[in-house]
Structures are given as C-alpha cells and as structure tokens.
Amino acid sequence: LSHELRNPIGAISSAVQVLNAQGSSDAATAPVVDILIRQTRHLARLLDDILDVARISRGRVVLKIEPVDLRTCVQDAVDGNKQLFADKAHAVSIDMPKEPVIAEVDCTRVAQVLGNLVNNAAKYSPPQSCIEVAMELRAEEAEILVRDNGIGIEPHLVPHVFEAFYKTGSAAEGRQGLGVGLWLSRQLIEMLSGEITAHSEGSGAGSVFRVRLPLHQRNGA
C-alpha cells in the first residue's frame, strides 16, 4: 500500500513545488500552498516510516557501512529540519568536537535517526524554544544528545517509548504521527551496534535522547 501511495504523493508534491516556484500575488493562495507543502512532506515521511517498518520486520534493510565523520550526520539531521525550526521560531544549539569523529556506520541512517529525534523535539516544544544537539566523546564511543524543553514524558512511560506504534498521551496533548519513529530509531541504531536511550522528568519537563555509537579505532590512534 505504501508503494502504491508513493506515486500520487510524488505527483502532488511536484505540482505543489511548481506552484511555489511560480509564486502568487494572491494573498489568500500563498498560505494554502504553504499548507500543501508541509502536509505533503508529512505524508511522505509517514510513508517512508511504514516502508522501513516492513523492511526491518522482514530483515530486508541493507546498510551502507563505511567510515564517516559523525559530525556530518548530525548536521544533515539538523539541516533537514530547518523549515520546522523556522515555522516554530525555535533556536537550535549545536555543540560538536572541532576534529573529525570517525565511525563505521551508515550515515544516511544515522541522520535519519537523529533527524527523527530533532523533529520530535521541535514538534513537541512550544514556539520559541531552544533545541540542544551535542556530541561528546566517551572512551571508544560517541554520544549524541538531543534535548528539548517540550511536553516531556512521564517517567513510568519512558521505557515504552521505543515500542512500535506506542504513543504517550493524546493528540490533544501534542502527540502526532504513527508511533513508529522511535521504534525505527532503536532498530537502526542497534543494527549499527549502538544504543539509544530516553530520559524525562515528567510532563512539561522536556526530554533528553542519547544515541551512542562505537568509534572507528583510528579515532583513538
């Protein structure tokens, strides 16, 4: 079903991009085009998540493992959410080592995981919040942290957030999506021999997600 839906979504997305590129002098039309752009992107993201659930469940995910600079993966994740940051007037703080941080991973998949965490932080934080993204080196691993001051998670629910189709709270409280993003993130990070964890002090206290990945041995040379 996801494959069948990709074609019409792709056509709609292309048509909206044409409208956006042409511009409009109609004050009533411009906001509608903006809505179409955001919602088609959201639909495309949902379809990608569903396809990844199917691939992982059937063991069909192929990773492209190679030495990469993890800082590039982090930057790709942040750049992919710039429009959402702008829409909600968020400030983004990025703190990374000045020297390359080399790990043998699939950078596209790492960026996907971090992009999901950053996207969640932006969506579930009130306008004009600060989203913190940081990387620290710990012995033979790198720890990437994504912190927000959003709606938070009740501590007793934190262990469940990585379950497939699990959603804490209700739509009225700001929870969106299918509830598979964090499940996908854990599956992908574990396939890369890493670990992902969550922490929150409770409702309204924000959340902290940490991704740990083993470093390429030449980092310590």
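**A salt-bridge network and a nonpolar core**

Seven residues, E136, R138, E141, E143, E195, R210 and R212, are linked in a network of salt bridges. They belong to a predicted model, and a search of that whole structure finds 12 salt bridges.

Two pairs from the network can be followed one after the other. E141 forms a salt bridge with R212, and the closest N and O atoms of this pair are 3.9 Å apart. Because E141 lies in strand 5 and R212 in strand 7, which covers residues 207-214, the pair ties together parts that are 71 residues apart in sequence. E141 is partly exposed, with a relative accessible area of 27%. E143 in turn forms a salt bridge with R210, where the closest N and O atoms are 3.4 Å apart. Here again the partners lie in strand 5 and strand 7, E143 in the former and R210 in the latter, so this pair ties together parts that are 67 residues apart in sequence. The two partners have unlike surroundings: E143 is buried, with a relative accessible area of 5%, whereas R210 counts as partly exposed at 24% relative accessibility.

Strand 5 also takes part in another salt bridge, that of E132 with R147, in which the closest N and O atoms are 3.0 Å apart. E132 lies in strand 4 (residues 130-138) and R147 in strand 5 (residues 141-148), so the pair ties together parts that are 15 residues apart in sequence. E132 is partly exposed, with a relative accessible area of 28%, and R147 counts as partly exposed too, at 32% relative accessibility.

From these charged pairs the reader can turn to the nonpolar interior. The largest nonpolar core has 45 residues, and those with the most contacts inside it are L70, V105, L114, L117, V211 and L213. Helix 5 gives the largest share of this core, namely 8 residues. V211 offers a way to see what meets here, since leaving aside residues up to four places away in sequence, V211 touches V113, L114, L117, A142, E143, I144, I189, E195 and I196. Among these contacts are E143 and E195, both of which are also members of the salt-bridge network.

Helix 5, which spans residues 107-123, holds N116 as well. Is N116 buried or exposed? At 8% relative accessibility, N116 counts as buried, because buried means under 20% relative accessible area. A polar atom of the N116 side chain lies 3.3 Å from the backbone oxygen of G181. Not counting residues up to four places away in sequence, N116 touches R45, G181, L182 and S185.

How values were computed: Residues numbered from 1 in each chain as written. Predicted model: local features only at pLDDT ≥ 70, side-chain atom pairs only at ≥ 80, totals over all residues. Heavy atoms only, no water. Helix = DSSP H or I, 4+ residues; strand = E, 2+ residues; numbered from the N terminus. Buried < 20%, exposed > 50% of the residue type's maximum accessible area, 1.4 Å probe, protein only. Polar contact = N/O pair within 3.5 Å; in protein donor to acceptor, adjacent residues only side chain to side chain. Contact = heavy atoms within 4.5 Å. Core = buried A, V, L, I, M, F, W, Y, C linked by side-chain atoms within 4.5 Å. Salt bridge = Lys/Arg side-chain N within 4 Å of Asp/Glu carboxyl O.
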